[in-house]
Amino acid sequence: MTEKIDAILIHKVFGIPIFVVLMWSLFQLTFELGSIPMEWIDMFFVALGVYIKTIFGEGALGSLLADGALSGVGAVVMFLPNIVILFLGIALLETTGYMARVAFLLDGFFHRFGLHGKSFIPLVTGFGCSVPAYMSARTLKNNKDRLITLFIIGFMSCGAKLPVYVLFVGAFFPKEQAGNVLFLIYIAGALVGLLAAKFLKLFVFKGVDEPFVMEMPKYRLPSLKLIWHTVVIKAILYLQKAGTFILAASMLIWFASNYPKYPEIEAAYAQKIELAQSDEAKVSLENEQAKVLLEKSFLAMIGKSTEGLFAPIGLDWKMTVALESGLAAKEVVVSTLGVLYALGAEVDEESEGLLEVIQKEIPFASAVSFIIFVMFYLPCMAASIVFAKESGSYKYLVYLFVFTTLIAWGLSFIGYRIALYM
Amino acid sequence: MIMLSEMNPGEQGIVSKIDAQGELKQRLFSLGLRKGSQIKMKASSIAKSTLEVEVGSTLLALRYEEAKMIQVKRV
């Protein structure tokens with residue numbers, strides 16, 4: 001039986017295409033099927049936010065809970081269906097014995113870049129989210145192979161970076177090319193990741209290769225109980241992260257963008273809004289007020305203090321602070337940009353307004369530089385903490401920070417200069 | 001006498017010598033690959049970079065480089 005299946009699945013010619021199609025289907029399923037309950041969860045959190053504001057009022061407490069805590073946690077819980085489907089698929093592939101075959105098929109290719117055949121599982125998972133990707137790198141027994149894999153997982157663009165790409169590609173490229181550019185971004189990230197692995201293998205984590213001797217398990221039907229157990233544990237861990245870390249980070253960002261308070265400015269605007277003739281004028285005044293207050297918030301202070309470092313790659317303080325808030329979670333990049341360009345916090349990648357403002361206010365070359373920086377810089381805080389745990393030392397997190405920042409800055413610089421001449 | 005790496009899919013043999021040291025030798029031994037074991041080449045990936053062999057009733061995957069260390073007597 002195993003022999004017959006192997007004749008197809010590890011076929012010299014068809015083996016890799018079959019694997020590519022299987023993975024493609026898994027991703028299609030993850031995003032297509034996952035988007036259905038996603039809308040319900042989104043609606044639930046929006047409704048809950050409205051309800052909370054009716055209880056706690058529009059003041060600081062209501063805003064902290066609804067705009068800070070709830071919108072932050074909601075944005076993460078929303079991805080639970082995708083995560084569950086992805087892990088279900090990976091658990092299925094693992095328990096049937098197919099993963100060992102893929103490691104067999106890909107080892108030759110990966111070996112050339114200093115990676116191990118088994119590295120592919122964490123790398124593929126990295127396109128979903130870096131946190132489970134770092135954890136799944138445990139399957140690599142050799143410490144150096146595992147470290148190289150851990151260092152490049154961040155270059156596989158995770159799901160949370162997608163809104164940033166969709167926003168910028170939509171704003172700066174013609175519609176018929178947008179899909180191709182998006183595809184190019186993902187491929188380029190993976191390619192740079194492979195080259196970075198080669199570099200690390202040659203200069204940093206030198207040493208003898210781990211021999212690739214692996215038992216190929218017989219194919220077997222997956223145990224439902226085992227798969228159920230794996231998926232449930234993954235789901236609980238994910239929700240735990242949302243309820244603890246994301247909760248704290250969202251409230252922090254909310255605080256930094258809302259404080260310190262300037263009662264005089266607020267009073268002045270309250271008067272103007274009171275006197276405004278049309279609803280339109282009211283909204284534009286409210287937006288203007290948010291903008292003025294934001295220019296004086298802690299977040300702006302942080303952004304302006306580091307502006308100089310990003311000037312050579314064409315980024316102003318607003319883009320700088322968006323990148324910095326993205327260190328907490330990549331989802332925050334787009335919502336920060338929305339706030340900063342004075343359109344209120346309820347902006348997602350599909351809102352026409354933000355797209356147009358960005359088109360007008362950000363030069364093309366700076367946009368290119370921004371996209372490249374997002375592709376390669378440090379993963380979010382949750383992922384970074386998991387990285388430190390999995391690599392075994394916070395020392396490696398410092399290395400990761402230096403490594404990713406240098407690559408991101410360097411490539412952004414090149415991209416920016418080239419785009420300037422285009 | 002040939003090296004395991006030179007065998008073609010379908011061919012069988014008996015291991016006559018293993019040139020590996022330390023950990024790798026241990027690993028091969030624990031998977032049943034030792035002097036005197038029956039071995040059968042099953043398949044190889046593109047450019048022969050990885051090979052699948054059958055030892056006893058277990059299936060093993062190894063790289064070309066490791067297969068070069070294993071001497072086999074064709075049967």
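The legends below describe close-up views of the boundary between two domains in a predicted model.

**View 1. The two domains of chain A.** In this predicted model, chain A is split into domain 1, covering residues 2-249, and domain 2, covering residues 261-420. The C-alpha centres of domain 1 of chain A and domain 2 of chain A are 25 Å apart, and 37 residues of domain 1 are in contact with 38 residues of domain 2.

**View 2. The area buried between domain 1 and domain 2 of chain A.** Together the two domains of chain A bury about 3,500 Å², and carbon and sulfur atoms account for 82% of that area. Within domain 1 of chain A, the residues that lose the most area to domain 2 are A:Phe151, A:Leu167 and A:Phe168, which together make up 20% of what that side buries.

**View 3. The salt bridge and polar contacts between the domains of chain A.** One salt bridge is counted between domain 1 and domain 2 of chain A, and a salt bridge joins the side chains of A:Arg138 and A:Glu390, with an N to O distance of 2.8 Å. Five residue pairs in polar contact, with both residues at pLDDT 80 or more, are counted between the two domains of chain A.

**View 4. The side of domain 1 of chain A that touches domain 2.** The elements that give two or more residues to this side are α7 (130-136), α8 (143-153), α9 (162-172), α10 (175-204) and α11 (224-258) of chain A, and the largest share, ten residues, comes from α9(A). By residue class, this side of domain 1 of chain A consists of 29 nonpolar, four polar and four charged residues.

Definitions and conventions: Residues numbered from 1 in each chain as written. Chains lettered and ligands numbered in written order. Predicted model: local features only at pLDDT ≥ 70, side-chain atom pairs only at ≥ 80, totals over all residues. Heavy atoms only, no water. Domains from an automatic or database assignment. Contact = heavy atoms within 4.5 Å. Buried area = accessible area lost by both parts, 1.4 Å probe. Salt bridge = Lys/Arg side-chain N within 4 Å of Asp/Glu carboxyl O. Polar contact = N/O pair within 3.5 Å; in protein donor to acceptor, adjacent residues only side chain to side chain. Helix = DSSP H or I, 4+ residues; strand = E, 2+ residues; numbered from the N terminus. Nonpolar A, V, L, I, M, F, W, Y, C, P; charged D, E, K, R; others polar.
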